[in-house]
There are 2 protein chains.
Amino acid sequence: MNRRHLLSLLGAGLLALWLPLASVQAQAPTSDPLPSWNDTAPKQAIIDFVTRVTREGGRDFVPVEERIATFDNDGTLWAEQPIYFQFAFALDEVRRLGPQRPEWRGKEPFRSVIIGDLRALLTAGEKDLQEIVTITHTGMTTAEFTKAVKDWLATARHPTKKRPYTDLVYQPQIELLRYLRSNGFKTFIVSGGGVEFMRAFAERAYGIPPEQVVGSSAMTKFEIGADGKPVLLKEPEVEFVDDGPGKPVGINRFIGRRPILAFGNSDGDLQMLQWTAAGDGARFMGIVHHTDAEREWAYDRQSHIGRLDMAWDEAQAKGWTVVDMKRDWRIIFPEPREKPGDLP
Amino acid sequence: MNRRHLLSLLGAGLLALWLPLASVQAQAPTSDPLPSWNDTAPKQAIIDFVTRVTREGGRDFVPVEERIATFDNDGTLWAEQPIYFQFAFALDEVRRLGPQRPEWRGKEPFRSVIIGDLRALLTAGEKDLQEIVTITHTGMTTAEFTKAVKDWLATARHPTKKRPYTDLVYQPQIELLRYLRSNGFKTFIVSGGGVEFMRAFAERAYGIPPEQVVGSSAMTKFEIGADGKPVLLKEPEVEFVDDGPGKPVGINRFIGRRPILAFGNSDGDLQMLQWTAAGDGARFMGIVHHTDAEREWAYDRQSHIGRLDMAWDEAQAKGWTVVDMKRDWRIIFPEPREKPGDLP
């Protein structure tokens, strides 16, 4: 969660209705590593790239240790409408904690959240939205925060899809992550989302372990508790915003190598894609374009969430791969699972 | 490099003499994973621990993905006397850059560094030492800095050992890292040293890839250069000090999991060891005690560099493993290699 996004967290989409359509999920041949991708140009470009960089002795061969792939999360690996899921968590936390905080009942923005007055929230300023995030993300230990996120993910349902949030990952991307790993890639998340929020589900949902999640963070403080046990306290101060130009900075800080493949979906990913493109040798830059108002959502240049404008222009100018969700993805979300949150 | 260490970077040890002694490096049986360790208690404690956490169905079994091991660098994986090697790099950089910076000739602390007046440097204040670090570590791109470190490592020689700095890694620890990895552990460096400095050699010297190096850092800025190519600029502002209480903070930020094994050698590692010890299940906390004035150096409670005082007391109180370098390590440094910097 970061300041730049706070104003756009609540868009008109918050109130939007969505009509689910059954998607045809026919079985693909097992030899296809990307069965949920249609046989259009992006799938071919991915397979060509992976084939080239893994062909020993070939001109584009990349040693295993340099096969770094970075993925944005919101809108690239899972959905981000009608509001960032992390902000949905923050709103639900205010409601959950409300009974213990009687002083909130007369105080904005908490009052509107608790009584469900979404219209009032839509007009709230950045300061109010920041306060909702701060109060729900700091002032507790890292262990308490992780527990709160896991509890929420286990019970919360998306307002229109009526499914657990971790069911709203993109099946084609799960397959792509798996395909890359089976070809020696190390897959990372590089997202503006909170690093501890994402780590609570990234391993089960994407097969990406905590140490391969790069995100925004609050300051953290080490303390020895009254019981003699050390704790890490999340403090109400922004430490790092992993968005826009912060993404290559975060890649340098956490990974220390330049990716050879990067995937995003919005202008917040532009610098990560530029940084990836500027390396030597074969590169793959991908952008998910949200074009499917029926199965998912359709938005780009005018959207408050996940705006795709400058990065789209640059992708077209530079020949990066733009995935048209409606045209290129045969399936978007995985089938409902017995245990929500596990890899499909 | 961090502020808290600056004053201790130059100790009396800077002028110390050292007489090398040939060490007996007999061949050990190949079935022994730690041939450079004597058969004393620490070696047995390590093997017992690894055996317990890897025995499937056993009470202390730990799944592979949770087998996180963190190692301090200076004094734990390689030597740190008579001055931190990273500070030796900074001094050499001032000398290398001197001819291009005529203004330095009349200006302290640069004048003393350039003319080799170590006695004057010893009396320099923190501000002067900070200036040496800042001028040699910031104001360039990350790529330029990495090149400078690699060039230095390829040519510089330790003042008394007369060997490349990357030859002064501890052979027993190289074997331990390898032994842990062969048992499914992911090995990390968590050090007060600069993250980009360490990444320049950690993969070749220790088999630890850049994305598993946690360290101190300067602020970094993303910019599109005049040629249209993006660069990351290292700026003269401290971003993060990965020392003392900063170590568990760094572990949380970069790794997102609690280690089950941690190794350090000084009070700067105390909180990392406490944080490791406070987890559930089997744990291993190790401390290297520098006791070998002949083969390496002997120092602990009174040392300006790598002071071991509070952490030693806590180790004894809590039963952590203290490695007595003289007693427990059969070999300290690896044999000279054909290509300095490669894994022994």
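In this predicted model, A:Thr291 sits across from A:Ala298 of strand S7(A). That pairing belongs to a short antiparallel match, in which two bridges tie S6(A) to S7(A), residues 298-299 of chain A. Getting from S6(A) to S7(A) takes a hairpin of six residues.

Strand S6 of chain A, residues 284-291, turns out to be well wrapped up: eight of its eight residues are buried, so the rest of the structure largely encloses it. Side chains in a regular strand alternate between the two faces of the sheet. Here, A:Phe284, A:Gly286, A:Val288 and A:His290 point one way from S6(A), while A:Met285, A:Ile287, A:His289 and A:Thr291 point the other way, and all are buried.

S6(A) has parallel partners too. Strand S5 of chain A, residues 261-264, pairs with S6(A) in the parallel sense over four bridges, with A:Ala262 standing opposite A:Met285. To get from S5(A) to S6(A), the chain passes through helix H12 of chain A, residues 270-277, making a right-handed β-α-β crossover. Strand S8 of chain A, residues 321-324, also runs parallel to S6(A), and four bridges join the two. Within S8(A), A:Thr321 is the bridge partner of A:Gly286.

As for the two chains, a rotation of 180 degrees with 0.0 Å of shift along its axis lays chain B over chain A, with an RMSD of 0.0 Å. That is how a two-fold axis relates copies. B:Phe254 is the residue of chain B that comes closest to the rotation axis, its C-alpha lying at 3.2 Å. The copies meet through the same surface, because 100% of the interface residues of chain B are also interface residues in chain A.

Technical notes:
Residues numbered from 1 in each chain as written. Chains lettered and ligands numbered in written order. Predicted model: local features only at pLDDT ≥ 70, side-chain atom pairs only at ≥ 80, totals over all residues. Heavy atoms only, no water. Least-squares fit on C-alpha atoms with pLDDT ≥ 70 in both. Contact = heavy atoms within 4.5 Å. Buried < 20%, exposed > 50% of the residue type's maximum accessible area, 1.4 Å probe, protein only. Pairing = 2+ DSSP bridges. Right-handed = clockwise from strand over helix to strand, strands pointing away.
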